[in-house]
Amino acid sequence: MRDVVVVGGGPAGLAVALGCAKAGLDVVVREKRDGVIDKACGEGLMPGAVRALAALGVDPPGHPIHGITYRQGTAVAHAAFRDGPGRGVRRTALHDALRAEALRHGVEVVRAPVVEVEQHADHVRVDGSRARYLVAADGLHSTIRDTAGLAAGNGARRPRWGLRRHYALRPFSDSVEVTWAAHSEAYVTPVAADTVGVAILSSVRGGFDEQLAAFPDLAAKVADAEPASDVRGAGPLFQRTSGRVAGRVLLVGDAAGYIDALTGEGLALALTTAAELVRCLSEDRPGDYDRAWTRTSRRSRWLTSGLLRARGTPALARRVVPLSARAPGLFSFVVNQLAR
């Protein structure tokens, strides 16, 4: 009988598997897709995420990020990171680095979807094989979350979606540049010396070029650049859960619940909560994980929820960036709280 089966071979799942292997647990990853997995995301790793990866022995290639800049009309707010740089990293490069380190530590990665999960008092049966625990890291639309009865619906919140494309272009700056429009935000992240990623989050459906038109200055900058990737999309982003633990099934990453990508710290949160999950499994105390997840994610959830509420109120949305520009100390404090 294995100690842990991880369902989902993206960054969150691989971080759990790598942590389990380092803790001496027998772990296998089940992933239905082959090779390196790409995903629509901003690709900017906060300094805390860089440190969490370093603790796992993972150092993916990318471009240094030294702060965050918000723009809205003529208003500009900038905050530098105080505790070291972040890093812009192509999602594929991050996945490749995590997978290589996991394999180096003996983690078995099996290409096979999970079809059937049965819970018992002292084990979980996954497609006929027994394991002490199952960790669901199968993304925003987790099927394991639904099977375990932990999905709680999306409520009345207005849904938002994300789109991303790369351009062969020298970075505009060494910060993540975030521009606010009426119903959307554009994130420009340097991921290499000759490549930037452009991610757009919006509450209005539409194709990438249609969404980009809401940012005329940015559209002009990339107009003559060669696209360096296909457009990828994700959403709806907001996903509620009733908890992160159901018996011997535990949720991590986007599967554990997601508010929005607005603050850009989804991966940092996935990595820190993955470390808590590994600790709880190593101590054979799975019930402690829900409290650890709540404690670890509290600051992020509060800040993201507050900013998203402001974003969804037109009168406030028009003032967020101008007020941040007029209160640089407060803006820097908030950014560095998220960057930890």
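The backbone nitrogen of Arg 91 sits 2.8 Å from a polar side-chain atom of Glu 43, which makes a polar contact (a pair of N or O atoms within 3.5 Å; within protein, one must be able to donate a hydrogen and the other to accept it, and residues adjacent in sequence count only if both atoms are side-chain atoms). This is a predicted model, in which local features need pLDDT of at least 70 and side-chain atom pairs count only at pLDDT 80 or more, while totals for chains, interfaces and linings use all residues. Residues are numbered from 1 along each chain as its sequence is written, and side-chain values use heavy atoms, with hydrogens and water left out.

**Around Glu 43 and H3**

Glu 43 belongs to the loop between strand S2 (27–31) and strand S3 (44–45); helices (H or I, at least four residues) and strands (E, at least two) are DSSP runs, numbered from the N terminus. With a relative accessible area of 5%, Glu 43 is buried, given that buried means under 20% relative accessible area, exposed over 50% and partly exposed in between (1.4 Å probe, protein chains only). Setting aside neighbours within four places in sequence, Glu 43 is in contact with Arg 87, Gly 88, Val 89, Arg 90, Arg 91, Arg 164, His 166, Thr 189 and Val 191. Contact here means heavy atoms within 4.5 Å.

Arg 91 is also one of the buried residues of helix H3, which covers residues 91–104. The others on that list are Ala 93, Leu 94, His 95, Ala 97, Leu 98, Glu 101 and Ala 102. What lies over them? Among the elements covering the buried residues of H3 are helix H1 (11–22), helix H2 (47–55), strand S12 (161–168) and helix H7 (266–282). After H3 comes Gly 106, with a positive phi near 85°.

**H7 and H8**

H7 itself is mostly covered, with 12 of its 17 residues buried. Among them are Leu 267, Ala 268, Leu 269, Glu 276 and Cys 280. Asp 284 follows H7 and has a positive phi, near 60°.

Then there's H8, which bends by about 55° at Ser 297; the bend is the angle between axes fitted to the seven residues ending there and the seven starting there. Ser 297 is itself buried, and so are Asp 288, Tyr 289, Trp 293, Leu 307 and Arg 311, among other residues of H8.

Here is how the three helices compare with their expected span, defined as 1.5 Å times one less than the number of residues.

| Helix | Residues | End-to-end C-alpha distance | Expected span |
|---|---|---|---|
| H3 | 14 residues | 20 Å | 20 Å |
| H7 | 17 residues | 24 Å | 24 Å |
| H8 | 24 residues | 34 Å | 34 Å |

**Three more spots to look at**

Buried or exposed: which is His 123? At 8% relative accessibility, His 123 counts as buried. His 123 is in the loop between strand S9 (117–119) and strand S10 (124–126), and its side chain makes a polar contact with that of Asp 122 at 2.8 Å. Not counting residues up to four places away in sequence, His 123 touches Met 1, Glu 118, Arg 130, Ala 131, Arg 132 and Arg 248.

Asp 194, in the loop between strand S14 (184–192) and strand S15 (195–202), counts as partly exposed at 49% relative accessibility. The side chain of Asp 194 makes a polar contact with the side chain of Thr 195 (3.1 Å). Beyond its neighbours within four places in sequence, Asp 194 is in contact with Tyr 167, Ala 168, Leu 169 and Arg 170.

Leu 169 turns up again with Lys 221, a residue of helix H6 (residues 216–222): leaving out residues up to four places away in sequence, Lys 221 touches Leu 169 and Phe 172. Lys 221 and Phe 172 are 49 residues apart in sequence and 9.2 Å apart in space, C-alpha to C-alpha.

**The whole chain**

Stepping back, the chain has 11 helices and 19 strands. Its radius of gyration is 20 Å, close to the 20 Å of the globule rule for 340 residues, so the chain is as compact as a globular protein of that length. That radius is taken over C-alpha atoms, and the rule is 2.2 Å times the number of residues to the power 0.38. Of the 340 residues, 53% count as buried. Among contacts with a separation of 6 or more, 74% come from residues 24 or more positions apart.
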